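Got the model open in your viewer? Keep the selection box handy, and we'll hop from one stop to the next.

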Amino acid sequence: MSLPGLVILISGRGSNALAIAEAIDDGRLPARIHAVIADRPAAGLARMADRGIDTALVPRKSFSAQAPFERALTEVIESYAPGLVALAGFMRVLSADLVTHFSQRMVNIHPSLLPKYRGLDTHQRALAAADAEHGASVHWVTPELDAGPVIAQARVPVRPEDTRETLAERVLEQEHRLYPAALALLIRNPVLDLHDISKHREPPLLDLSLDAAGHLVEPAGGD
Ligand code: GRF
């Protein structure tokens, strides 16, 4: 049986891409990474190439405008015919055209408890608001930034002594658990119509939240 193929898009260190690769290697995620693609020279590309994974660079800087860049990016992604495209620290807002092209195939990880704090500086914003908890979300990508249906979330308590850096670090640790688990959920349950926003639950279907002691919080009883 051929495994569902992923293409991962990154812009930086690629620690989430690495977490996905590790989950595949240790059997938690029944998938295959066809390629990791970056929009700029990203440290994560070398880390993935070292694991024998195909990498590609489609530098935004080499294009005069966003539209030709996105055409080239789409072509490279489609050359791998992926079942899912996973954005993992891909620091570029994509046009509605591209997002629509990959509709129902593109997911993202965002470092906040969506719908809170779309966009940048999420850790700082959670601290400024004196939030008791913060976390990460995996969601479908739709044309509106960070606004697509949420598939999975992991909450972490904010500690009084937290700085942006310590909070970001603790959330990132959870991202590394959350992203592979959310992808596995989608791949193992292809019949779940998770794209249908009306079927979304609160809390999301997959909840990997931790309590203050770092233990997994039992989800509140659902139906
Ligand atoms: C992560 O915090 C992700 O949620 C955000 O950018 C960061 C990327 O980290 N969108 P990495 O490149 O996966 O290490």
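Select residues 15-25 and 164-188: in this predicted model, helix α1 and helix α6 pack with their axes 9 Å apart and at an angle of about 50 degrees. Axes here are lines fitted to C-alpha atoms, for helices over the stretch in contact, with angles running from 0 to 180 degrees between N-to-C directions. That angle makes α1 oblique to α6; under 35 degrees would count as roughly parallel, over 145 as roughly antiparallel, 65 to 115 as roughly perpendicular, and the rest is oblique. The crossing of the two helices is right-handed, meaning that the near helix is turned clockwise from the far one by less than a right angle. To light up the contact (heavy atoms within 4.5 Å), pick S15, N16, A19, I20 and A23 on α1, and L172, E175, H176, Y179, P180 and L183 on α6.

A few ground rules before moving on. Residues are numbered from 1 along each chain as its sequence is written, and side-chain values use heavy atoms, with hydrogens and water left out. Local features need pLDDT of at least 70 and side-chain atom pairs count only at pLDDT 80 or more, while totals for chains, interfaces and linings use all residues. Helices (H or I, at least four residues) and strands (E, at least two) are DSSP runs numbered from the N terminus.

Stay on α1 and colour by accessibility. How many of its 11 residues are buried? Nine of them are, where buried means under 20% relative accessible area, exposed over 50%, and partly exposed in between (1.4 Å probe, protein chains only). The list reads S15, N16, A17, L18, A19, I20, A21, A23 and I24. Show what surrounds them, and you'll find these buried residues packing against β1, β2, α2 (43-50), β5 and α6. Just past the helix, click G27, whose phi is positive, near 85 degrees.

Now jump to G44, in helix α2. G44 counts as buried, because its relative accessibility is 1%. Draw a distance to A17: the two C-alpha atoms are 7.8 Å apart, with these positions 27 residues apart along the chain. Setting aside neighbours within four places in sequence, G44 touches I10, G12, R13 and G14.

I10 takes us to strand β1, so select 5-10. Six of its six residues are buried. Turn the strand over and you'll see both faces covered, with G5, V7 and L9 on one side and L6, I8 and I10 on the other. Add residues 32-38 to bring in β2, which pairs with β1 in the parallel sense over six bridges; two strands pair if DSSP finds at least two bridges between them. Look for A38 in β2 opposite I10. Then add 84-87: this is β4, parallel to β1 and joined to it by four bridges. Here L6 has L84 as its bridge partner.

With α1 switched back on, β1, α1 and β2 form a right-handed β-α-β unit. To check the hand, point the strands away from you: the path from the first strand over the helix to the second runs clockwise.

Zoom out to the whole sheet. Which order do its eight strands follow? The open sheet goes β3-β2-β1-β4-β5-β6-β7-β8, with mixed pairing. Select 55-57 and 206-207 to see the edges: β3 and β8 each have a single partner strand, so one side of each is left without a neighbour in the sheet. At the β8 end, two bridges join β7 to β8, and the strands run parallel. Q153 stands opposite D207 there.

Next, the loop between β5 (106-110) and α5 (122-128), where P115 sits. The bond between L114 and P115 is a cis peptide, with omega about 15 degrees. D121 is in the loop between β5 and α5 too, and its phi is near 55 degrees, positive in a residue other than glycine. D121 is exposed, at 51% relative accessibility.

Compare D146, in the loop between β6 (133-140) and β7 (150-157). Its phi is also positive, near 55 degrees, but is D146 buried or exposed? At 10% relative accessibility, D146 counts as buried.

Last stop: R170, back in α6. R170 is buried at 15% relative accessibility. Beyond its neighbours within four places in sequence, R170 is in contact with V156, P157, V158, R159 and D162.
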